[in-house]
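This report describes how two chains meet and which charged side chains pair up. Please look at the sequence and the model first.

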Number of protein chains: 2
Amino acid sequence: MRAQSALDGLVEALRRLPGVGVKSASRMAFHLLQHDREGALRLARALQEAAESVRHCARCHTFTLDEICETCLDPRRDASRLCVVETPADQSAMERTAAFQGQYFVLMGRISPLDGWGPNDIGIQKLRERANEPSVREVILATNFTAEGEATAHVLSEALKREGLTITRLARGVPIGSELEYVDLGTIAHALADRRSA
Amino acid sequence: MRAQSALDGLVEALRRLPGVGVKSASRMAFHLLQHDREGALRLARALQEAAESVRHCARCHTFTLDEICETCLDPRRDASRLCVVETPADQSAMERTAAFQGQYFVLMGRISPLDGWGPNDIGIQKLRERANEPSVREVILATNFTAEGEATAHVLSEALKREGLTITRLARGVPIGSELEYVDLGTIAHALADRRSA
């Protein structure tokens, strides 16, 4: 059954994607082979190119093709503010707001004892060195507002404390466009505690 | 932003997978690049190999690497029974039951007017020729029990009618291991109508 083994190999390889079980993988393989072979080959090329060429910025750890990423090299970025995010996707979300002109440090994960992820796995020593550079006046902790993200922010705020460095966290509150009736109570409670003058 | 474009290219290529939106695609790309580059390269190879070598059996339309698939060539299979399924995954499910020793015809789809899929897209002419081979005594319609699968079975049963050919459909009924309380009413109604002597 050679065809079966080529198919099984594809299904097996697709199953390694996060969130993809055997049924989804079979459906994906069928779709690609039956309706989109060009897409299959394009995905193959994109995977190979990315896997072989993408590495981590020596300064902020985000994905880059170079030694230092373009954001770190950009002289127009405000070197006094350092925003700490969990992943390049989070960094990308921050960038899309166009509300932050500083620099980044990307943890490439979060502290998660259940997954065996400790402070060293998020490059805490490197972050400390980075935050201790004299130009840095503020570290903005923009880890996620999940239990793990909050724990990570807590550990980092303790680890980074030093004279003259302000450590901040993104505001918690009611999301834009939402109705209080449908917002979870913890969020409302936080928004109340952090209320601001109108 | 060359790294960004390699990443964006990967996310874009992953989005072409069925059921994968931009968030899932980003998560997949991050996972592969951060935790499983070997898996990324393996997937790239599997995709390329499958896309370039898998084709359709000239006789039953299923995926194969050869002109005719192994099942069609197997002389031990019962040539008098032809089972019609929608996809190779359905064929594989039938095979795993070990309850069917006949041959197959794989539609590689279903009739679905909303998607612009008509009788010609499921190879109905080829199926008619196949079902008209003198060795075939029974065609078992094993399309899915969805609206589209039922419609496909209906169209096929009309199209394949001929003297001396039995056309059957898989039984509808209560799934093994299920409790009536949790079975949908349509299924119970069908199971009642098709009840058999105990």
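A salt bridge is a side-chain nitrogen of Lys or Arg within 4 Å of a carboxyl oxygen of Asp or Glu. The model discussed here is predicted. By that rule, A:Arg169 forms a salt bridge with A:Glu150, with 3.3 Å between the closest N and O atoms. A:Arg169 belongs to strand S6 (residues 166-169) of chain A and A:Glu150 to helix H7 (residues 147-160) of chain A, so the pair ties together parts 19 residues apart in sequence. A:Arg169 is partly exposed, at 25% relative accessibility, and A:Glu150 is partly exposed, with a relative accessible area of 25%.

Over all chains, the whole structure holds 28 salt bridges. Some of them are set out below.

| Pair | Closest N to O |
|---|---|
| A:Arg169 and A:Glu150 | 3.3 Å |
| B:Arg59 and B:Glu133 | 3.0 Å |
| B:Glu133 and B:Arg130 | 3.2 Å |
| B:Arg16 and A:Glu38 | 3.7 Å |

In chain B, B:Glu133 pairs with B:Arg59 and also with B:Arg130. B:Arg59 sits in the loop between S1 and S2 of chain B, and B:Glu133 in the loop between helix H6 (124-131) and strand S5 (138-141) of chain B, so their salt bridge ties together parts that are 74 residues apart in sequence. B:Arg59 is partly exposed at 26%, and B:Glu133 is partly exposed at 24%. B:Arg130 counts as buried, with 4% relative accessibility.

## Where the chains meet

Chain B and chain A each give 50 residues to their contact. Together they bury about 4,900 Å², with 70% of that on carbon and sulfur atoms. Of the area that chain B buries against chain A, 14% comes from B:Arg16, B:Leu47 and B:Phe63, more than from any other three residues.

Across this interface there are 4 salt bridges and 8 residue pairs in polar contact. On the side of chain B that touches chain A, H3(B) gives the most, with 15 residues. The residues of that side divide into 28 nonpolar, 10 polar and 12 charged. A network of salt bridges links A:Arg16, B:Asp36, B:Glu38 and B:Arg42.

## Two helices of chain B

The axes of H2(B) and H3(B) come within 5 Å and cross at roughly 115°. B:Leu32, B:Leu33 and B:His35 of H2(B) make this contact with B:Arg37, B:Gly39 and B:Ala40 of H3(B). By type, the contact residues are 3 nonpolar, 2 polar and 1 charged.

How values were computed. Residues numbered from 1 in each chain as written. Chains lettered and ligands numbered in written order. Predicted model: local features only at pLDDT ≥ 70, side-chain atom pairs only at ≥ 80, totals over all residues. Heavy atoms only, no water. Contact = heavy atoms within 4.5 Å. Buried area = accessible area lost by both parts, 1.4 Å probe. Polar contact = N/O pair within 3.5 Å; in protein donor to acceptor, adjacent residues only side chain to side chain. Helix = DSSP H or I, 4+ residues; strand = E, 2+ residues; numbered from the N terminus. Nonpolar A, V, L, I, M, F, W, Y, C, P; charged D, E, K, R; others polar. Axes fitted to C-alpha atoms, helices over the stretch in contact; angles between N-to-C directions. Buried < 20%, exposed > 50% of the residue type's maximum accessible area, 1.4 Å probe, protein only.
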